[in-house]
Amino acid sequence: MTRWDRTASLGPVAVGLACALALYLAAPLAVTAQADAISPSKTRALALEPGGGTARAGADGPAVTTLQVVSHNIEKRQRALRKALRSARRTGATVVALQELCGWQAADLVRAHPDWTVSYRPERDHVLCERSGRRRGSASDADRTIGNAVVWTGGSGGRSTAHTFSSQRSQPGRTGMPCVSWTARVVHTACSVHLSAPVNGEQIRVRTGQARDVRDITRPWVRRGRLVVLAGDFNAEPHRRTMDHLYARGGSGSFREAGPNPARSPRCACYEPTLDQRGVKIDYVFFSSNRVTPRTDRRLRVVPTVSDHDLLLGRADVDLAPR
């Protein structure tokens, strides 16, 4: 049975979606999920490593696992959401990060996948979500919201949290990021990030402040030895000051980006466009630098969908040795 968690730090919550107030309190929609989405054989494979990766031990080194991540700004489009979930099933992804997700889509995601852990953080009402929800016969006020979600596909025991940014473009207290944590040798925390899209200098400063908030929220986790994954729409190109708060090399952040050739360019290996194929890159998959080295194998594939953002398939070999 599901229920809304009205705090930002409790574990699995659910999808009553009966009360808009709960949404405005930024409660994550913690959910457990993975029922009919993964075949029995794939479920057995996930059980090899609770995070969904395949662990392997080097002759003289610590165990390493390959972590798969799917990230997509679906722009409220159901076809894009279905594409992201199919990609997660096909690749055996451990983490799915979604941005611009309607409340009713989050509710459906929870109901369809009771063996995943889903954290949904609504940010505001959106007329397109209201219209699409009404067309499908939903009457809940919660369905008309738009927000972001992150999924752990490895089981129902993940812990959901929501984090509010100190830098806000409008409607104070509404913008932040949902996260979900679980333990597989070490604590893992994955978050879905959607920074504000700026249209003027002041809003650029807000976006940069939000990136700083992401850095400050996650830095203690990295220092304590967690593996932290950040994925989503950062609304900034790699060379912008905003992104300096994320990159571990050349910036003040603690993360390394999934890309096609990290050995050639450890700081930022990939400039593939992720927005309407216009040569603009604003979507990313990051792994914390305490668990990946500059030369660690990290890959990224960019896949167009019906959304105005491309879908990202990222992976990295992560070191799970105790710290």
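Modeller: Let's start with Arg185, which lies in the loop between S7 and strand S8 (186-194). Strands are DSSP runs of E with at least two residues, helices are runs of H or I with at least four, and both are numbered from the N terminus.

Biologist: Before I go on, what kind of model is this?

Modeller: This is a predicted model, where local features need pLDDT of at least 70 and side-chain atom pairs count only at pLDDT 80 or more, while totals for chains, interfaces and linings use all residues. Residues are numbered from 1 along each chain as its sequence is written, and side-chain values use heavy atoms, with hydrogens and water left out.

Biologist: Back to the loop, then. What is the phi of Arg185 near?

Modeller: Most residues other than glycine have a negative phi. Here, phi of Arg185 is near 75°, a positive value in a residue other than glycine. Glu75 also has a positive phi, about 55°, and it isn't a glycine either. You'll find Glu75 in the loop between strand S2 (63-73) and helix H3 (78-91).

Biologist: Are Arg185 and Glu75 buried or exposed?

Modeller: Buried means under 20% relative accessible area, exposed means over 50%, and partly exposed is in between, with a 1.4 Å probe and protein chains only. Arg185 has 53%, so it is exposed. Glu75 has 18%, so it is buried.

Biologist: How many helices and strands does the protein chain have?

Modeller: The protein chain has 6 helices and 13 strands. Of its 323 residues, 58% are buried. As for the outside, the accessible surface (Shrake-Rupley method, 1.4 Å probe) comes to about 12900 Å², with 49% of that belonging to carbon and sulfur atoms.

Biologist: How many residues of helix H4 are buried?

Modeller: In helix H4 (residues 103-112), 7 of the 10 residues are buried, so the helix is largely enclosed by the rest of the structure. Among them are Trp104, Leu109 and Val110.

Biologist: And which residues does a residue inside the fold touch? Try Asp233.

Modeller: Look in strand S9 (residues 227-233) for Asp233. Asp233 is buried at 1% relative accessibility. Contact means heavy atoms within 4.5 Å. Leaving aside residues up to four places away in sequence, Asp233 touches Asn73, Gln99, Val193, His194, Leu195, Ile282, Asp283 and His309. Its C-alpha atom is 9.6 Å from that of Glu100, although 133 residues separate the two along the chain. Across the protein chain, of the contacts between residues at least 6 apart in sequence, 70% join residues at least 24 apart.

Biologist: How far apart in space are Arg301 and Gly314?

Modeller: Arg301 sits in strand S12 (residues 298-303). From C-alpha to C-alpha, Arg301 and Gly314 are 6.4 Å apart, with their positions 13 residues apart in sequence. Arg301 touches Arg90, Leu311, Leu312 and Leu313, again not counting residues up to four places away.

Biologist: Next, the rings. How many aromatic pairs are there?

Modeller: Rings of Phe, Tyr and Trp (its six-membered ring) pair if their centres lie within 6.5 Å; planes under 30 degrees apart are stacked, over 60 edge-to-face, and the rest tilted. The structure holds 6 aromatic pairs. Trp152 and Trp182 have ring centres 5.1 Å apart and planes at 10°, so they are stacked. This pair links distant parts of the chain, with Trp152 in strand S5 (residues 145-152) and Trp182 in strand S7 (residues 176-184), 30 residues apart. Trp152 is buried at 6%, and Trp182 is buried at 4%.

Biologist: How do Phe255 and Phe286 pair up?

Modeller: Their ring centres are 6.4 Å apart and their planes are at 65°, so the pair is edge-to-face. Phe255 belongs to strand S10 (residues 255-257) and Phe286 to strand S11 (residues 283-288), 31 residues apart. Both Phe255 and Phe286 are buried. They also belong to one aromatic cluster with Phe234, Tyr247 and Tyr284.

Biologist: Last one: which residues line the largest cavity?

Modeller: On a 1 Å grid over the protein atoms alone, a cavity is a set of points where a 1.4 Å probe fits but cannot get out, and lining residues have an atom within 4 Å of a point. There is 1 cavity of 30 Å³ or more. The volume, the space filled by probe spheres set on the grid points, is about 40 Å³. Glu100, Glu123, Arg124, Ile146, Gly147, Asn148 and His194 line it. Strand S4 (117-125) and S5 each give two or more residues to that lining, and S5 gives the most, with 3.

Conventions. On a 1 Å grid over the protein atoms alone, a cavity is a set of points where a 1.4 Å probe fits but cannot get out, and a pocket is an open set with protein on both sides within 12 Å along at least five of seven lines; lining residues have an atom within 4 Å of a point.
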